[in-house]
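The following exercises concern strand pairing, helix packing and disulfide links. Each task is followed by a solution in steps.

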Amino acid sequence: MTAVAAAVTGLLTGCAAPAHPEPPGGGVEASWGEDCEEIVQAPVAAGTSVLTVVADGTASGRGLTAAPGVGELLAAAQADGLALVVVGVDGPGVPPPVVGPVSLDPYPGSDSVVAGRAREIALRCGAALLHRPEVAPTTPGSDVLAAVTTAVRQQPAAMGILSDGVASDSVLDPAVVGWEPDTQAVVSQLLATGADLPAEATPVTWIGLGETTTVLPSEARAGLGRLWTAVLGARGAPVTVDTRTGSTTTRDVGSLPEDVVAPPQATVVETSTRSVCVLLPSVLLFGPEETELSSTEPLRGVVARATEEPAWVVRVEGHTADFGTPEGRARVSQDRADAVAAALRSQGVTNEVVAVGRGADRPRADEWPAGPRGPHDTAAADVNRRVEIRLGDSDVVDGVPC
C-alpha cells in the first residue's frame, strides 16, 4: 500500500492528487486517481467477507451521481470490515465483468490520522469504481439477472444493486412478463431452474430501481419493484428498495451500446369518420386489481378532444386479462370503466359519457397460444389489460376502431 500511504501523506500536507471532473457519488467524492489504482491492485486478506455491488452502467438508466444510499452502503461495508466486489451489467449472452475484491479499509484496526484518511480515499475510490470502464457494458441490452446471479456467486455478506431494473433478457424482461407481472409465476420459474438468488442471511439494498432515462409511469415502476423484491427475496433474503436519488445527471450515453426501454403508453387512432379512439394500458391508470385511478394525467388528451367536440359521445370500455372468474373480470372491468368516466366528468367533460365493462371477452392478444391447459402468456395479458375510450357521433361511436 505504498502509493496509498504516499497519497494520504499528500492529503495531509496539502499535496493531494489532482481533482477529477466526475461528480460526487452517494455522499463521497467519486473521483479516480493513482491512489485508486493502488487500492484496486492491493491484496485482500484471504477469507475477507465482501459487499458485492451490481453496477448497471447501461444506457437506459439515469446517472444517480449523488444517491445517498451509495455512500451509506460503502461506509457500512467499511465499518463491517467488508471488501468490495463490483459486478457490471452487460448485454444478453455476455458474462458480466467482475472487479475485486477491493479493500475498503487499507489499515484495519488502526485509529491513526493516516488510517482515517486512507479510509476516506478507499470510499472515494469504491464509489468511483462503480462507474469505471472496467464494468461498463460492451453489447446492446441489459441482462440484469445475469449480473445478479454472478454477484450471488461471489458469496457476499451483503449485496447492493445500482440499476434501473429494466432487463432486456430472461424472464424478467417487461416485454416477456409485462409491466404488471405475475410475480409468483416468475419466482416459481426461477426456483425451478435453480437460479442463484440471494440467501436468507444476505441483505440486499437496491438503489435506482425504475430510474430510467425514459420516465416510467408510477404503476410501471411499482410493478418493477414488486417483481424484483419477490425475486431477490425468494430464498429469504431481506430486500430494501432505497428510493432516494439525490441529484441526477443527464449522462452522455452516445458511446454506450443501445439499451432501449419501451414503457407502456397511450395509442391514439384517428379515423376518416371524424372519430377517435384512445387506448390506454391499465398500468397507466390503475394498480394491479385496483379500480380506483392512480393517475388522471393520461386522460388529459381525451378531455381536450371531448371539449372540442361537445356533440360527440364518449364511450369508455374496460378490458381485463383472462384471470379469475368471468364474474370477477366483468366487475373489475365495469368498475374501471366507471372510474374513468367519473374522472372525465370531474375534469369538465360535458359530453354524454357511457361506461361499459367487457371483462376478457375481447382480447387483443392470445393469452393461451398453446391452448387453455398450456402456459399463460403474461405479456399478452398485459396487452389485454386496457381501457379503450372512443369518441364520435352517436351513430358511429360503437364501431370506432381502436
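The model is predicted.

**Exercise 1. Determine which residues of β11 point to each side of the strand, and whether they are buried or exposed.**

Step 1. Arg386, Glu388, Arg390 and Gly392 point one way from β11, while Val387, Ile389 and Leu391 point the other way.

Step 2. The residues of both groups are all buried. Strand β11, residues 386-392, is accordingly described as mostly covered, with seven of its seven residues buried.

**Exercise 2. Place β11 in its sheet and identify its pairing partners.**

Step 1. The sheet is open and has five strands in the order β7-β8-β11-β9-β10, with mixed pairing. Its edge strands are β7 (267-271) and β10 (352-357), each of which pairs on one side only. Direction ignored, neighbouring strands of this sheet are turned by 15 degrees against each other on average.

Step 2. Strand β8 (residues 275-281) pairs with β11 in the antiparallel sense over six bridges. Within this pairing, Pro281 has Arg386 of β11 as its bridge partner, and Val278 stands opposite Ile389 in β11.

Step 3. Strand β9 (residues 313-319) also runs antiparallel to β11, and seven bridges join the two. Here Val314 stands opposite Leu391 of β11.

**Exercise 3. Describe how helices α9 and α10 lie relative to the sheet.**

Step 1. Helix α9 (residues 300-308) packs on the sheet and touches β7, β8, β9 and β11. The direction of α9 makes about 15 degrees with that of β11.

Step 2. Helix α10 (residues 326-346) lies across β9, β10 and β11. Relative to β10, helix α10 runs at about 165 degrees.

**Exercise 4. Characterise the packing of helix α2 against helix α4.**

Step 1. The axes of α2 (residues 34-41) and α4 (residues 113-129) come within 10 Å and cross at roughly 90 degrees. Because angles of 65 to 115 degrees count as roughly perpendicular, α2 is roughly perpendicular to α4.

Step 2. Asp35, Cys36 and Ile39 of α2 make the contact with Ile121, Ala122, Arg124 and Cys125 of α4.

Step 3. By class, the residues of this contact divide into five nonpolar, no polar and two charged.

**Exercise 5. Which cysteines are joined in the two disulfides, and where do they lie?**

Step 1. A disulfide is a covalent bond between the sulfur atoms of two cysteines. The structure holds two disulfides. When the bonded cysteines of the chain are numbered in sequence order, the pairing is 1-2, 3-4.

Step 2. One disulfide joins Cys36 to Cys125, with an S to S distance of 2.0 Å. This pair links distant parts of the chain: Cys36 belongs to helix α2 and Cys125 to helix α4, 89 residues apart. The link of Cys36 and Cys125 is left-handed, with -80 degrees about the S-S bond.

Step 3. The other disulfide is formed by Cys277 and Cys402, whose sulfur atoms are 2.0 Å apart. Distant parts of the chain are linked here as well, since Cys277 is in strand β8 and Cys402 is in the segment after β11, 125 residues apart. The link of Cys277 and Cys402 is left-handed, with -80 degrees about the S-S bond.

**Exercise 6. Classify each of the bonded cysteines as buried, partly exposed or exposed.**

Step 1. The cut-off for buried is under 20% relative accessible area. Cys36, at 0% relative accessibility, therefore counts as buried, and Cys125, at 3%, is buried.

Step 2. Cys277 counts as buried because its relative accessibility is 0%. Cys402 has a relative accessible area of 21% and is therefore partly exposed.

Notes:
Residues are numbered from 1 along each chain as its sequence is written. This is a predicted model: local features need pLDDT of at least 70, side-chain atom pairs count only at pLDDT 80 or more; totals for chains, interfaces and linings use all residues. Side-chain values use heavy atoms; hydrogens and water are left out. Axes are lines fitted to C-alpha atoms, for helices over the stretch in contact, and angles run from 0 to 180 degrees between N-to-C directions. Helices (H or I, at least four residues) and strands (E, at least two) are DSSP runs, numbered from the N terminus. Angles under 35 degrees count as roughly parallel, over 145 as roughly antiparallel, 65 to 115 as roughly perpendicular and the rest as oblique. Contact means heavy atoms within 4.5 Å. Ala, Val, Leu, Ile, Met, Phe, Trp, Tyr, Cys and Pro count as nonpolar, Asp, Glu, Lys and Arg as charged, and the others, Gly among them, as polar. Buried means under 20% relative accessible area, exposed over 50%, partly exposed in between (1.4 Å probe, protein chains only). Two strands pair if DSSP finds at least two bridges between them. A disulfide is a pair of cysteine sulfur atoms within 2.5 Å.
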